[in-house]
Amino acid sequence: MWTDITAYLEVRDKNGNWQKVAMPYDVPLSTSNPSRALSERDYRMFALLSDVQNNGDIVSLAQPRGLPRDVSWQIHAEHERQCSIGHGCYDCVGVSYLTLRELVGYAHYDAVYEGLPLREWLNGEYWAMIGAMMRYGYPDVVRVVFWFDY
């Protein structure tokens, strides 16, 4: 059975509210939904982000935290639409969020996984997302909100 990811970027505005933002125009985008930050089915990345599809070899950044209490209304609505009963997906799991600070501060990118450092296993979409997040501001005012469905 497959697992898919839905992920969006948010930036905290000057009033302290989180706002959904688009990926910059020159960053490679998902072909299925260009407003999403991540879309490729990369189980190593899923394990890293939220311990989803992890066989125990990858130290995840964090266990799932759920949607942030202060998530933007657009992302909240999309989560409700995708994960409500009757949408057609089997289950939404690993709902969480990570700040840019957490992503760049991960201490295990050089851990060897199947003969290569994890950083070399992660797909280009992951690194493009981090690059895009860096353009939006300081590490604590940019985050990615995501969930997985089976």
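Which two cysteines form a disulfide, and how far apart are their sulfur atoms? They are Cys 83 and Cys 92, with 2.1 Å between the sulfurs, and the legends below start from the whole chain before returning to them. This is a predicted model, in which local features need pLDDT of at least 70 and side-chain atom pairs count only at pLDDT 80 or more, while totals for chains, interfaces and linings use all residues. Residues are numbered from 1 along each chain as its sequence is written, and side-chain values use heavy atoms, with hydrogens and water left out.

**View 1. The whole chain, with 5 helices and 6 strands.** Read from the N terminus, the elements run β-β-α-α-β-α-β-β-α-α-β. Helices (H or I, at least four residues) and strands (E, at least two) are DSSP runs, numbered from the N terminus. Of the 150 residues, 45% count as buried; buried means under 20% relative accessible area, exposed over 50%, and partly exposed in between (1.4 Å probe, protein chains only). Among the contacts with a separation of 6 or more, 75% join residues 24 or more positions apart, where contact means heavy atoms within 4.5 Å. The accessible surface comes to about 7800 Å², and 51% of it belongs to carbon and sulfur atoms. Accessible areas come from the Shrake-Rupley method with a 1.4 Å probe, and for residues only the protein chains shown count as cover.

**View 2. The disulfide of Cys 83 and Cys 92.** Welcome back to the opening pair. A disulfide is taken here as a pair of cysteine sulfur atoms within 2.5 Å, and the structure holds 1. The torsion about the S-S bond of Cys 83 and Cys 92 is about -85°, so the disulfide is left-handed. Cys 83 is partly exposed, at 25% relative accessible area, whereas Cys 92 is buried at 18%.

**View 3. Tyr 8 and Trp 147, a tilted ring pair.** The structure holds 8 aromatic pairs. Rings of Phe, Tyr and Trp (its six-membered ring) pair if their centres lie within 6.5 Å; planes under 30 degrees apart count as stacked, over 60 as edge-to-face and the rest as tilted. The ring centres of Tyr 8 and Trp 147 are 6.2 Å apart and the planes meet at 50°, so this pair is tilted. It links distant parts of the chain, 139 residues apart: Tyr 8 sits in strand E1 (residues 4-12) and Trp 147 in strand E6 (residues 142-149). Both rings belong to buried residues, with Tyr 8 at 3% relative accessible area and Trp 147 at 0%.

**View 4. His 79 in helix H2 (residues 73-83).** At 12% relative accessibility, His 79 counts as buried. Setting aside neighbours within four places in sequence, His 79 is in contact with Leu 67, Ser 84, Val 95 and Trp 147.

**View 5. Arg 143 over the faces of Trp 18 and Tyr 97.** A charge sits over a ring if NZ of Lys or CZ of Arg is within 6 Å of the ring centre and within 35 degrees of the ring normal. For Arg 143, the distance to the ring centre is 3.8 Å at Trp 18 and 5.5 Å at Tyr 97.

**View 6. Helix H1 (43-50) and the loop that follows.** Of the 8 residues of H1, 6 are buried, so this helix is largely enclosed by the rest of the structure. The buried ones are Met 45, Phe 46, Ala 47, Leu 48, Leu 49 and Ser 50, and they pack against E1, E3, H3, helix H4 (118-121), H5 and E6. Just after H1, Asp 51 takes a positive phi of about 65°. Ser 60, in the loop between H1 and H2, is buried at 15% relative accessible area. Leaving aside neighbours within four places in sequence, Ser 60 is in contact with Ala 47, Leu 48, Asp 51 and Tyr 106. Tyr 106 also belongs to a cluster linked by ring pairs, together with Tyr 109, Tyr 126 and Trp 127.

**View 7. Helix H5 (residues 124-136) and its cover.** The 13 residues of H5 reach 19 Å from first C-alpha to last, close to the 18 Å expected at 1.5 Å a residue; the expected span is 1.5 Å times one less than the number of residues. Buried residues in H5 include Tyr 126, Met 129, Ile 130 and Met 133. Their cover includes E1, H1, strand E3 (92-99), helix H3 (100-104) and E6. Gly 137 follows H5, with a positive phi near 150°.
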